[in-house]
Amino acid sequence: IYGMSLGMQSFFGSCNMRPGSSEQLKTPFCLYGAVAALWVAARNGHPDSRGLLRHAQFLLGETMRGALDFMEGSAWPLNSIDILGNLQSKGRLSVEDFQLPQDLRQKY
């Protein structure tokens, strides 16, 4: 699918397979696990925290109107607000300035 990474395509395919379909995904990919891992690395002081969060935003389908962003309906404790809220903050994203989910829930 144009504009999607292989992981995004795998996730999209798994969401859109017919129930009981014999189609098998060659390489299953946990998109939300990858997004959460990028958030954790950014939260823990990675030198390119903003770049990691921007990539997480891309993986959720930012360039495709959020086509893959259903994290709120998943069991993952993060969602796109946790990414966007930190991207909107000014300056360098230090560990001390990083906004946690509970802070962002109160803010938004």
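# Reading helix packing in a five-helix chain

Tutor: Let us start just past helix α3, which is followed by Gly61, a residue whose phi is positive, near 90°. Please keep in mind that this is a predicted model, in which local features need pLDDT of at least 70 and side-chain atom pairs count only at pLDDT 80 or more, while totals for chains, interfaces and linings use all residues. Residues are numbered from 1 along each chain as its sequence is written, and side-chain values use heavy atoms, with hydrogens and water left out.

Student: How many helices and strands does the protein chain have?

Tutor: Elements are DSSP runs numbered from the N terminus, with helices being H or I over at least four residues and strands being E over at least two. By that rule the protein chain has five helices and zero strands, so that the order from the N terminus on reads α-α-α-α-α.

Student: How should burial be read, and what share of the 108 residues is buried?

Tutor: A residue is buried under 20% relative accessible area, exposed over 50%, and partly exposed in between, with a 1.4 Å probe and protein chains only. Here buried residues make up 39% of the 108 residues. As for the surface, the accessible area (Shrake-Rupley method, 1.4 Å probe, with only the protein chains shown counting as cover for residues) comes to about 6,800 Å² for the protein chain, of which carbon and sulfur atoms supply 57%.

Student: Which residues of α4 are buried?

Tutor: Helix α4 is mostly covered, since six of its eight residues are buried, namely Ser80, Asp82, Ile83, Gly85, Asn86 and Leu87. These buried residues pack against α2 (31-43), α3 and α5, where a contact means heavy atoms within 4.5 Å.

Student: How is the packing of two helices described, and at what angle do the axes of α3 and α4 cross?

Tutor: Two packed helices are described by the angle between their axes and the distance between the axes. Axes are lines fitted to C-alpha atoms, for helices over the stretch in contact, and angles run from 0 to 180 degrees between N-to-C directions. The axes of α3 and α4 (residues 80-87) come within 10 Å and cross at roughly 140°. Angles under 35 degrees count as roughly parallel, over 145 as roughly antiparallel, 65 to 115 as roughly perpendicular and the rest as oblique, and α3 and α4 are therefore oblique to each other. The crossing of α3 past α4 is left-handed, a term for the near helix being turned anticlockwise from the far one by less than a right angle, with clockwise giving right-handed.

Student: Which residues of α3 and α4 meet?

Tutor: From α3, Arg50, Leu53, Arg54, Ala56 and Gln57 meet Ile83, Leu84, Asn86 and Leu87 of α4. The residues of this contact divide into five nonpolar, two polar and two charged, where Ala, Val, Leu, Ile, Met, Phe, Trp, Tyr, Cys and Pro count as nonpolar, Asp, Glu, Lys and Arg as charged, and the others, Gly among them, as polar.

Student: Is Gln57 buried or exposed?

Tutor: Gln57, which lies in helix α3 (residues 49-59), counts as buried because its relative accessibility is 17%. Leaving aside neighbours within four places in sequence, Gln57 is in contact with Glu62, Ile83, Leu84 and Leu87.

Student: Are Gln88 and Gln99 buried or exposed?

Tutor: Gln88, in the loop between α4 and α5, counts as exposed at 53% relative accessibility. Gln99, in the loop between α4 and α5 (101-107), is buried, with a relative accessible area of 14%. Not counting residues up to four places away in sequence, Gln99 touches Trp39, Gly85, Asn86, Ser89, Leu104 and Lys107.
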